[in-house]
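Student: Could we go through this structure together? I'd like to begin with its surface.

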Amino acid sequence: MPVPSFVKKVRIMENSKIKTAIVTGASRGIGKAIAIKLAANGYQVIVNYANRAHEAQQVVALIEQAGGRAIIVQADVSKFQEFEKLFNIAEKTYGSVDVLINNAGVSKLSSIADSDDELFDHLFNINVRGTVNGLNLAAKRLSQGGRIVNFSSTAVATSTPGMGLYVGTKAAVEAITKVFVKELRGRQITVNMIAPGLIKSEMFFEGKSTEQIAQMEKLSPLERFGEVGEIADAVAYLVSKDAAWVNGQLIRVNGGVA
Ligand code: NDP
């Protein structure tokens with residue numbers, strides 16, 4: 001009797017080597033949830049952070065308590081040499097890098113009229129240059145068959161006032177990602193994007209009044225905010241074998257708000 005295809009799949013998964021994932025901005029919020037989820041799925045995880053060393057250490061402690069493997073690495077993703085350090089340490093510790101999650105990002109509410117050079121540089125350096133640094137290195141160093149997930153935002157679709165520069169950074173990430181997917185021809189690496197919306201992370205609550213938050217909670221037809229773990233679930237799918245044919249796509253994970 002022929003072996004059903006799902007049986008073959010289970011065997012392949014059992015025999016596959018342990019994979020290593022770099023998750024940028026994993027000290028809190030969505031990145032933390034992704035690091036914990038991927039570790040629970042058997043990945044060795046590089047928990048990157050910029051400033052919050054203690055929080056990043058706690059993420060590693062949570063992963064280790066659950067029997068997983070992870071290390072923290074401080075690096076400002078907007079600086080190429082620091083991003084390079086993430087790959088160097090990952091390769092030295094675990095042998096290779098198979099997955100890159102370009103999650104690190106910053107946001108600040110400001111109308112375009114009120115924005116200045118400093119805000120422009122801050123947002124574009126971390127959100128765009130940081131992502132490009134990761135893609136540059138991944139193109140050269142990610143394992144054959146690897147996975148990359150970049151982070152956009154649902155605000156690109158909603159054109160939310162006060163988010164002009166931030167939206168600009170994420171639109172740039174979307175456009176660059178589409179080109180990068182094609183430049184990776186032959187590497188068997190998939191590159192996809194998640195555009196979260198209304199996710200209960202620390203970033204989401206910053207700079208918003210209680211009234212604004214109460215109004216926003218009803219924006220989605222599901223009439224609630226999303227959880228960081230719901231973004232981690234979508235990332236876990238994109239890096240899995242099940243998503244092998246999903247490439248160059250943007251998935252909005254936002255409860256149907258746009
Ligand atoms: P948080 O502010 O909660 O977390 C941001 C993370 O990024 C932190 O771990 C922070 O590290 C890290 N970080 C910031 N700057 C740098 C840097 N220069 N180098 C390395 N790491 C850095 O944000 P979220 O979890 O909400 O957002 C995660 C991603 O999702 C971002 O790209 C964001 O734009 C996107 N997003 C989020 C939405 C939401 O509703 N929350 C909606 C749409 C998009 P440290 O703590 O050490 O400073």
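Student: So how much area does the protein expose?
Tutor: This predicted model exposes about 13100 Å², and carbon and sulfur atoms supply 54% of that area, where accessible areas come from the Shrake-Rupley method with a 1.4 Å probe and, for residues, only the protein chains shown count as cover. As the model is predicted, local features need pLDDT of at least 70 and side-chain atom pairs count only at pLDDT 80 or more, while totals for chains, interfaces and linings use all residues. Residues are numbered from 1 along each chain as its sequence is written, and side-chain values use heavy atoms, with hydrogens and water left out.

Student: And what share of the residues is buried?
Tutor: Of the 258 residues in the protein, 45% are buried, a word that means under 20% relative accessible area, with over 50% called exposed and anything in between partly exposed (1.4 Å probe, protein chains only).

Student: Now L238: buried or exposed?
Tutor: L238 is buried, because its relative accessible area is 1%, and it lies in helix 10, which covers residues 228-239; helices here are DSSP runs of H or I with at least four residues, numbered from the N terminus.

Student: Which residues is L238 in contact with?
Tutor: Leaving aside neighbours within four places in sequence, L238 is in contact with R147, V149, T190, N192, I194, A243, V246 and I251, where contact means heavy atoms within 4.5 Å.

Student: What about A35, how many Å separate it from L238?
Tutor: The C-alpha atoms of L238 and A35 are separated by 14 Å, although the two residues are 203 residues apart along the chain.

Definitions and conventions:
Helix = DSSP H or I, 4+ residues; strand = E, 2+ residues; numbered from the N terminus.
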